[in-house]
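Work through the two exercises below with the sequence and the model open. Each task is followed by its solution in steps.

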Amino acid sequence: MSTTPNTYWRSLNELARNDEYRQLVEREFPENASELTDGYSRRNFLQIMGASIALAGFTACRKPMQKIVPYTRMPENVVHGNPLHYATAMPFMGSVTGLVVTTHEGRPTKVEGNELHPDSLGGTHILHQASTLDLYDPDRSRGIRQGDEARTADDFAAFCASTFTRDKRVAFLSEASSSQTLNRLKRQIAGRFAASTWVTYEPFGEENVLLGTAMAFGAKRRPIHHYDKAAVIASFGDDFLAAGPDSVRAAKQLAKSRKVMSTEDGMNRLYVVESNYTLTGTNADHRIRVKESEIAQALFALAAALGADGFGGHTNAFTGNGDIARLAADLRGANGAALVTAGADQPPAVHAAVAAVNAALSAVGATVTYAALPFADAADQNAAFRALTADLAAGRYDALVMLGTNPVFTATGDVDFKAALSAVPAVVHLASHIDETSAALPSNGWHVPRAHYLEMWGDGLSFTGAASVIQPMIQPLFGAWSEIEVLSTILTGSRTGGHDLVKQTWTGSDWNRILHDGLQAGTSFPAATVRLTGAAAIRAAAEALPTVSGLEVAFKADPKLIDGRTANNGWLQELPDTITKITWDNVALMSPTTAAGYGVEFPRASILRAPADEEPMVAVNVNGKTLELAIWVVPGHADNAITVYTGYGRTHAGRVGNGIGVDVNPARTSSSPLFASATATRIRRTYPIASTQDHHSMEGRPLIREASLSGYREKPDFAAKMVKVPGPIDEAGQPISLFDEQTFPDHEPQWGMTIDLNACTGCGVCTIACQAENNIPVIGKKEVKRGREMHWIRVDRYFSGDVNGNPQVVHQPIPCMNCELAPCEQVCPVAATTHSDDGLNQMTYNRCIGTRYCANNCPFKVRRFNFFNYPKTWLIEGNDPEVVQMAMNPDVTVRFRGVMEKCTYCVQRLNRAKIETKRATGDSRKPADGTVKTACQQACPSDAIYFGDISDTESVVTRTKRNERNYLLLEELNIRPRTSYLAKLRNPNDATA
Amino acid sequence: MSQSTYVPEEPLVKGNHTFASITSLIADIPEQPTPKWWYIAFGISNILLGVLLMSIGYLFWEGTGIWGITNPVGWGWAIINFVWWVGIGHAGTLISAILYLFRQGWRTAINRFAEAMTIFAVICALIFPGIHVGRIWLAYWMFPLPNGMQMWPNFNSPLLWDVFAVSTYFTVSLLFWFVGLVPDFATLRDRVKSKLAAKIYGFFALGWTGGNRQWQHYEKAYMLLAGLATPLVLSVHTIVSFDFAVSVIPGWHTTIFPPYFVAGAIFSGFAMVMTLMLIARKLYKLEDIMTLDHIEKVNMVILVTGNMVGFAYIMEFFIAWYSGVTYEKAAFINRAMGPYAWAYWTMFLCNVISPQFFWSKKMRRSITASFILSIVVNIGMWFERFVITVTSLAQDFLPSSWGYYSPTKWDMLTYLGTFGLFFTFFLLFLRFLPMVAIAEVKMVMPQADPHHTDAHKGDH
Amino acid sequence: MSSTYAVLAEFKNPGELMKAAETVRKAGYTKWDVHSPFPIHGMDDAMGLKPSKLGWLVFGHAVLGFTGAVTLLTWASSIAYPINISGKPFANFPAFVPIIFELTVLLSAFGAVFGMFFLNNMPRHHNPLFNSETIRRATDDGFFVVIESTDTLYHETKTAELLRSAGATLIEPISA
Amino acid sequence: MAQLFPEWSNRVPRMLLVGSVFFVTAVVFFFWHFGSHDYLEVGYAPKQPIDYSHRLHAGQLGIDCRYCHASVENSAVASIPSTQTCMNCHAQIKVDSPKLALLHESWETGAPIEWVKVHDLPQYSHFNHSAHVNVGVGCESCHGRIDRMEVVMQAAPMSMGWCLDCHNNPGPNLRPVDQVTTMGWVAPPNQFELAAEIIARKNIAPPVYCNACHY
């Protein structure tokens with residue numbers, strides 16, 4: 001198979017093969033994807049977790065013999081064949097989000113948001129959805145190692161007992177964590193050793209924010225924004241919608257005031273001041289594009305304009321800037337209902353200034369509250385990390401314990417952590433993979449496999465302080481350890497199970513209730529009272545901030561890979577970037593004007609010539625390092641600036657993430673990690689980039705219909721009126737047709753979907769949720785570049801307005817529209833795609849012979865074809881395909897070569913719901929409204945997707961379809977899509993024009 | 001051509017030929033020793049045939065992914081080649097059937113190998129619908145066979161219509177060809193020295209005696225077949241055009257397609273006939289039978305059909321503009337000015353501009369010009385199918401899913417391979433079968449007329 | 001030398017053959033035929049042959065093909081397993097036209113070809129005619145009248161006489 | 001000239017004609033019969049790790065199907081009983097029977113017993129037991145007289161066509177819901193009315209569209 005060396009399936013393919021499975025591929029569809037042979041996973045899995053169908057190889061009988069492996073002891077409340085749902089929580093950057101996990105016969109296959117949890121409210125972001133794949137990543141390390149030697153748990157315990165004696169000087173390096181248990185152990189450690197240091201290292205964490213608030217209020221405080229209470233929101237480089245500790249809550253709250261269902265409804269207004277186009281920027285009503293280094297200046301100018309404490313008389317380049325002035329006026333006009341935020345990667349001074357501005361807007365207590373974090377160290381952890389590195393190098397420690405984190409890869413260029421490691425006599429690194437840091441351990445250093453959150457006991461606090469317990473869904477697949485287990489082993493010299501450790505922390509609580517609900521009811525951070533004390537300090541710090549006059553490079557955390565921790569996740573690697581739609585790479589993002597300076601034309605003139613196959617490249621010289629990256633033009637990016645993403649170019653991520661993109665960390669400095677002045681030159685080399693959407697413009701077609709709030713109020717049905725459907729209309733209000741069409745029976749529900757383009761932020765979580773639910777394969781960069789991506793729901797992105805100036809961006813999720821008069825159906829020669837009585841455009845994989853005619857005739861191009869046997873190399877071959885197979889949803893057929901596939905409205909969920917309803921009611925097979933959700937709908941953090949029975953006139957989806965903003969895509973083709981859209985609105989400040 | 005005075009038709013057979021000399025001119029070719037060029041040509045064709053088999057084998061092994069096809073362009077060279085080869089086939093049937101009904105005596109010189117060309121071209125075409133599907137081993141589901149699933153094909157699908165149309169077309173052409181061959185098989189049976197050859201030809205002659213009681217039914221059957229083949233050949237490319245016309249894709253969804261495709265088919269077919277004819281007549285010294293008049297007549301057909309095609313091209317643009325449909329307009333602007341403009345203008349040059357040379361009699365009667373242009377036209381017609389198939393798909397309704405299609409080496413090798421298949425068959429035909437319909441040529445000679453007295457014999 | 005199967009007479013061109021044919025017909029012979037390398041215009045009348053029945057055979061097949069196709073398509077898509085496809089009616093006749101047409105043509109073509117073989121009693125690889133060397137020229141440039149010995153009017157000398165008078169350039173018996 | 005072909009060659013065409021008729025018929029029959037599920041599937045009765053006799057347990061002892069196949073009424077799968085289920089009785093009964101050695105071993109080691117799957121639908125067809133037994137489709141209708149099987153064998157072809165026959169006309173295979181597990185249930189003379197009544201009460205309209213089973 002043609003391939004690139006860095007793809008998931010290809011590399012699995014290169015490893016030792018498993019004969020049984022290779023034979024299996026000869027059959028078109030394998031048995032239930034949960035099948036296992038022997039091996040580690042099975043011992044853990046079958047005995048403890050239970051039933052599954054196992055393939056027992058091929059005997060001479062007429063058909064391959066299948067074996068059924070029942071439970072030996074039947075677990076409680078397991079009904080074989082029905083999935084179970086358990087509440088747990090996913091820790092990320094020091095906060096946990098409550099989730100509900102679907103398990104099939106003990107295999108966690110899908111995560112959903114926990115509706116009871118205040119920071120999820122049922123929503124999720126891409127990292128949550130993708131996390132199941134991380135659990136089953138075959139590249140995870142398989143056991144404890146010292147140097148190159150495999151070691152047992154007992155060896156490690158013995159080592160801990162002998163090494164971590166009271167007289168030792170021990171350094172601890174951990175990721176940000178709000179785990180009560182971890183911090184309980186942390187406190188025990190404090191007094192345990194002669195000298196011990198604990199540094200929390202989070203490359204893109206909230207440390208700057210805390211330092212900023214410390215500067216402003218005298219103590220570290222976490223600002224908690226209440227977007228739903230704000231009428232005017234101004235973000236200074238804060239991409240709060242991008243996957244992060246608080247993004248789900250933010251999206252929920254932002255969407256709340258964007259669901260304009262009648263002309264009476266109001267809508268908040270979002271200003272974004274940023275350099276690169278971010279997800280949040282695309283949702284802005286006003287976007288002010290400035291270079292990364294100027295964001296702070298713009299903010300200070302605003303602070304001055306608003307008379308914030310400490311900024312009286314402050315002037316800078318943005319003083320008197322029209323946009324800033326209007327922003328100031330608008331914020332002030334919102335009297336109290338205004339909110340200003342800044343990106344966590346902005347320097348502390350900026351966050352201090354934000355605190356001052358919010359105070360000046362009397363937003364404190366209304367749209368923003370401040371929380372005292374129970375486990376935050378007072379010290380500057382960024383500085384502490386640099387100091388620790390120096391101390392380690394100087395041999396001031398006898399031992400170093402790293403709980404997670406990958407400093408060797410993520411540290412900025414001026415911090416040589418690798419060298420420091422070699423100076424430490426005893427090192428322990430807890431990591432899910434043999435990553436860069438584990439690989440750089442001294443020969444006597446210990447690597448301990450780190451448990452995935454779905455296989456460990458733990459606990460933690462959400463961003464707003466809701467306390468949750470993390471319960472495992474499955475036994476650790478590879479004998480992995482959780483942080484708390486390692487810590488307790490270090491303390492006690494013997495391993496104590498995570499369950500007991502957590503239980504100790506939670507003694508006295510309503511344990512079962514917490515496990516059931518996923519959180520301790522009613523827990524949250526109390527709003528701390530704050531007083532702005534540091535005005536002078538803020539001003540000093542603000543005016544000390546560097547600015548860049550010439551070309552500058554901004555280093556931003558990749559929205560999908562963050563600092564590279566998820567680089568081995570094929571789903572994330574293949575998820576198109578929100579703005580660029582690039583997969584599997586990082587590039588040099590720049591504006592058309594800047595790109596023109598390097599001889600790149602935009603939009604790419606295609607007159608009389610085929611588009612170039614590879615992208616031009618630029619060599620960026622920054623901080624004495626040279627980064628060679630492909631040039632990618634982003635309309636609306638600040639001029640004279642380049643943005644690059646971290647997290648790429650990993651060497652020890654695993655077979656998926658290794659060698660993808662370029663590592664930009666060496667070019668960063670700890671003094672100014674966010675931006676640096678640079679020079680760049682076009683180089684001769686070109687580089688292939690796999691982008692799923694080349695075309696930036698909507699070509700003036702009425703695909704995404706948009707109006708201003710005021711325009712909508714004048715003409716509420718503007719969207720429907722935008723297209724005149726030609727020809728006469730029949731009594732049903734449909735354009736007349738040559739045929740008398742089929743009608744649908746009453747005893748079946750009639751499924752339909754509505755997508756609110758005003759609520760949709762374009763985050764792409766629907767794509768990954770769909771991928772997880774429907775066993776959609778990862779196909780790798782080369783295939784994506786060919787245009788063969790398999791996503792069933794994609795998010796289209798269009799730029800509108802002046803591409804060289806400050807264009808706007810709109811998003812449109814496109815699933816299968818399930819047209820009632822589907823053009824795809826009539827052209828299939830073998831009736832493989834037909835229509836069901838409940839109005840679905842069915843795709844029958846096992847009938848499909850793969851003429852691809854249906855895909856050609858689909859006006860929305862939502863059909864996806866298995867050009868190769870993608871699952872073969874991905875599920876069948878490789879060293880232990882069983883592990884990957886465990887991630888599969890047994891309710892969905894795995895599609896093999898030569899078969900067309902597409903969105904089915906999650907028919908497996910619909911059928912289950914119908915059967916269950918019928919069992920419950922005895923006769924009706926129409927599930928009650930809201931009882932059945934599609935994967936994309938359930939995952940969406942802004943509830944932009946409505947789904948239900950349109951034959952029920954009172955169902956939510958029917959009501960949305962009656963809404964004035966409702967319109968059908970390509971209605972004039974008279975294909976009668978079951979999916980419709982609610983038109984997009986923007987709420988521009990009329991003062992700005 | 002305005003002319004008032006009657007100009008007597010040029011005699012169809014040049015040179016001083018008797019029935020016997022005609023017979024030997026054609027029927028003795030299989031007897032003569034195999035010329036060296038034949039072996040060389042046959043060797044090359046076989047190598048190409050090998051390439052075809054290899055690339056199909058690899059396709060079976062790996063899947064259609066080895067081709068350039070992708071989203072949104074689900075059909076690439078496979079379908080292009082299919083339409084192209086079927087189109088070429090049409091000339092044969094047209095010559096043998098339609099010209100027969102119109103009593104065009106001159107057809108007799110070229111109908112035999114034109115029909116042969118049809119059959120071989122259709123074989124090449126038929127390969128593609130079979131192998132371009134994702135699960136080749138299940139392609140038989142396209143036929144209405146009773147089965148345990150109680151499933152039947154979808155008779156609404158143009159692709160299914162294709163299956164019926166093209167297979168019917170192939171069967172009927174084959175029968176037509178064979179019926180025409182029967183009397184000539186008899187001739188060979190009665191001439192060849194070798195007993196084995198005589199037995200083989202004799203077997204296919206089915207015991208033909210040339211008795212008038214046979215000729216009576218034979219002529220009737222031939223006439224009926226011609227009558228059936230005529231609407232059939234028109235229907236075949238009409239239905240092929242439905243593959244596109246029945247869809248909703250701008251650039252495909254067009255009512256002009258059926259006549260436009262049929263004209264195009266005849267256009268390319270005649271060009272191919274011309275190419276082959278010029279080679280055959282040179283190699284086998286058949287100048288007396290395939291005369292310059294024949295060449296000129298073929299060129300006229302090329303000119304006429306070429307202009308019909310050109311008209312269609314321009315009409316498409318007019319309709320796109322006249323329809324006022326955004327997507328339709330965009331589709332055609334993209335054809336002429338989009339990323340595939342190079343293909344579009346190649347097509348336009350080859351199919352519309354180049355035939356215009358044939359307005360001049362000098363060109364029409366020039367061997368070289370005819371040969372070059374015939375090849376140019378076939379290139380052009382391939383590009384026509386490329387433009388229709390690819391450009392329409394590459395840029396349809398939603399700009400978000402616009403893409404660019406480019407073929408892989410496997411696309412090219414497969415296409416190249418079909419030439420191997422075609423010429424392998426064709427060379428075998430030239431070598432072992434009478435490449436001109438002997439009996440029919442005799443029929444159009446003056447002596448054949450029972451009222452033609454001896455006095456006129458041999459005077460032209 | 002065994003019994004004769006027929007007597008063969010050669011004529012020098014189609015015109016002569018035509019006259020001869022008329023003579024023989026007038027003489028009232030029934031079991032006879034003329035052999036020529038190509039069909040000769042007006043020979044059917046000259047021989048007094050009734051028009052060919054082939055047309056009816058073909059028509060029969062056409063009807064068969066048409067009804068067969070209509071039945072298959074309608075039954076399969078609206079009775080055997082009706083499936084909702086693009087909301088079109090189960091029996092979607094406009095879409096059936098192409099296949100119905102093709103099957104009609106196909107069956108008719110079979111009728112024409114195999115009907116012709118049937119009427120011509122082909123294939124008949126063994127034929128007493130082939131006992132004659134001369135007859136082989138009938139596929140080249142020979143024009144012959146052949147009168148079978150089983151004809152009631154057949155008389156070894158009289159028949160030969162008749163043919164000679166009709167202008168035969170050569171007369172020879174064909175052995176059975 | 002000498003004849004190219006012997007006289008008998010004239011008879012060959014007729015013989016071929018007649019022969020081909022027989023040949024074609026034979027070929028059609030061959031695929032029709034040997035290619036059908038009735039031939040390929042029905043009667044599949046693989047050897048099981050433990051010689052469990054349904055005739056004894058379900059037949060003579062009359063244990064209800066649902067005692068072992070517990071989830072049949074509320075899940076897609078009927079489920080194979082856990083070792084535990086067997087041990088409920090066999091902890092006391094026939095404790096040291098050699099036939100049950102594997103059972104006891106499984107109970108002690110916790111290693112599951114690997115039963116051989118008899119009714120093996122392809123993964124792309126999703127059959128749901130609960131959807132059928134709850135509306136009065138008897139176990140027997142698909143699995144045959146299990147109570148008479150020493151070794152379980154596949155009783156029905158389980159081809160798509162076979163499914164469709166019942167989905168198009170469920171009447172003949174419907175029985176009172178309390179009778180679904182009954183073996184050898186005899187349709188009453190008024191089966192037609194009975195079925196009509198069940199269909200009306202349970203609002204039975206078996207889907208025949210693809211997504212009902214294939215997704």
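Buried area is the accessible area, taken with a 1.4 Å probe, that two parts lose on being put together, summed over both. The model used here is predicted.

**Exercise 1.** Describe the interface of chain C and chain D: its area, its main contributors on chain C and its polar pairs.

Solution.

Step 1. Start with the area: chain C and chain D bury about 1100 Å² between them, and 52% of this lies on carbon and sulfur atoms.

Step 2. Next, find the contributors. Of the area that chain C buries against chain D, 55% comes from Tyr81(C), His125(C) and His126(C), more than from any other three residues.

Step 3. Sort the side of chain C that touches chain D by class: 6 residues are polar, 4 nonpolar and 3 charged.

Step 4. Count the contacts. The interface joins 13 residues of chain C to 13 residues of chain D. There are 0 salt bridges between the two chains, while 6 residue pairs are in polar contact across the interface, both residues at pLDDT 80 or more.

**Exercise 2.** In the sheet S10-S15-S21 of chain A, which strands stand at the edges, and why is one side of each left without a neighbour?

Solution.

Step 1. Write down the order: the sheet is open, has 3 strands and pairs antiparallel as S10-S15-S21 (chain A).

Step 2. Read off the ends. S10 (222-225) and S21 (527-528) of chain A each have a single partner strand, so one side of each has no neighbour in the sheet.

Step 3. Check one pairing. S10(A) and S15(A), residues 368-371, run antiparallel and are joined by 4 bridges. Within this pairing, Arg222(A) is opposite Ala371(A) of S15(A).

How values were computed: Residues numbered from 1 in each chain as written. Chains lettered and ligands numbered in written order. Predicted model: local features only at pLDDT ≥ 70, side-chain atom pairs only at ≥ 80, totals over all residues. Heavy atoms only, no water. Contact = heavy atoms within 4.5 Å. Salt bridge = Lys/Arg side-chain N within 4 Å of Asp/Glu carboxyl O. Polar contact = N/O pair within 3.5 Å; in protein donor to acceptor, adjacent residues only side chain to side chain. Nonpolar A, V, L, I, M, F, W, Y, C, P; charged D, E, K, R; others polar. Pairing = 2+ DSSP bridges. Helix = DSSP H or I, 4+ residues; strand = E, 2+ residues; numbered from the N terminus.
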